[in-house]
Amino acid sequence: MGRKLVSVADFVDTLKGFESEPITRDRVLHYCLETAVDRASLACYTHFRPDLYTRNLIYRDAIFEVMALCWSPGQRTPIHTHNGQLGWMSVEQGALAVINYKWLGCNASDNQNVSGMDCLAGATELDLDRREVQECFPGGPVNAVDKVQTIHQVVLQGKEPAISIHVYSRPIDSCVAFDLDKRSCYRRQLSFYSKYGDVVVEAGDLSPTPATATPLPGAR
């Protein structure tokens, strides 16, 4: 049985209806697995650039944040945390791979707010263990993060541009990012390319991400 196709407005309204009860990983995960967002309703939130993936805010309140991320070939995120918050990602177009990591230790562990999940950053000797890779595509798995699995990197696979829907609970304004070459981490402030359908970034504000990413063996 296929997923129920809904507009992005209906998708958000259903999430808002969850707010009367405690938000759980599995409740939102099941909803995302049962639902596909009509791509036509995402048109004003989809902005592709060749030099960086774009984060486009659809909805935000005290409980939920909903975004559309748009990916061009070769783009990827840094390895990053989610501040110990819940998160879900479904792919509506193209294919993405999520590489999961586990924090093993660092030389600034006294900065930890939630052990292994989030910190004040500043480590110069850290140890991450690369774990499983999850491939996400339309109709396929929905990636979820929680207090157990909170560190990952998202990489576009193939040559088709991708659109992914991201839901966070609660919203986050920054995360810890990791540089494995330098074995260091830093606090990364998050921003949006567009908000509620309007582009808010000016040319001088752009901070490009790496233009290419190493493909994963056997990736879809």
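Here is a short chat about how some labels on this predicted model are earned.

Me: What makes the Phe11 and Tyr31 pair count as stacked?

Reply: Their ring centres lie 5.4 Å apart, with 25° between the planes. Pairing needs centres within 6.5 Å and stacking needs planes under 30 degrees apart, so both tests are met.

Me: Which parts does that pair tie together?

Reply: Phe11 sits in helix 1 and Tyr31 in helix 2, so parts 20 residues apart in sequence are linked. Phe11 and Tyr31 also belong to one aromatic cluster with Phe18.

Me: Why are Phe11 and Tyr31 called buried?

Reply: The cut-off is under 20% relative accessible area. Phe11 comes in at 2%, so it's buried. Tyr31 has 11%, so it's buried as well.

Me: How do you know whether the rings of Tyr53 and Trp71 are stacked?

Reply: Run the test again: centres 4.7 Å apart and planes at 20°, so stacked it is. Tyr53 lies in the loop between strand 2 (35-37) and strand 3, while Trp71 is in strand 4, so the pair bridges 18 residues of sequence. Tyr53 and Trp71 are both buried. The whole structure holds three aromatic pairs.

Me: How many disulfides are there, and what would make one?

Reply: Zero turn up in a search of the whole structure. A disulfide needs two cysteine sulfur atoms within 2.5 Å, so no cysteine pair here meets that cut-off. As for burial, Cys32 has a relative accessible area of 4% and Cys175 has 2%, so each falls under the 20% limit.

Me: What makes strands 11 and 17 edge strands?

Reply: The open sheet has seven strands in the order 11-6-13-4-3-16-17, with mixed pairing. Strand 11 (143-145) and strand 17 (198-199) have a single partner strand each, so one side of each lacks a neighbour in the sheet. Strand 11 pairs with strand 6 (residues 86-93) in the antiparallel sense, over three bridges. At least two bridges are needed, so that counts as pairing. In this pairing, Trp88 stands opposite Ala144 in strand 11.

Me: Which helices pack on the sheet, and at what angles?

Reply: Helix 1 (residues 8-17) touches strand 3, strand 4 and strand 13, and makes about 55° with the direction of strand 3. Helix 2 (residues 25-34) touches strand 6 and strand 11, making about 5° with strand 6.

Me: Which residues touch the most other members of the largest nonpolar core?

Reply: Phe11, Leu15, Ile58, Val66 and Trp88, out of 26 residues. Helix 1, helix 2 and strands 3, 4, 6 and 13 each give two or more residues to this core. Apart from it lies another core of 18 residues, including Leu69 and Cys175.

Methods. Residues numbered from 1 in each chain as written. Predicted model: local features only at pLDDT ≥ 70, side-chain atom pairs only at ≥ 80, totals over all residues. Heavy atoms only, no water. Buried < 20%, exposed > 50% of the residue type's maximum accessible area, 1.4 Å probe, protein only. Helix = DSSP H or I, 4+ residues; strand = E, 2+ residues; numbered from the N terminus. Contact = heavy atoms within 4.5 Å. Axes fitted to C-alpha atoms, helices over the stretch in contact; angles between N-to-C directions. Core = buried A, V, L, I, M, F, W, Y, C linked by side-chain atoms within 4.5 Å. Phe/Tyr/Trp six-rings, centres within 6.5 Å; stacked < 30°, edge-to-face > 60°.
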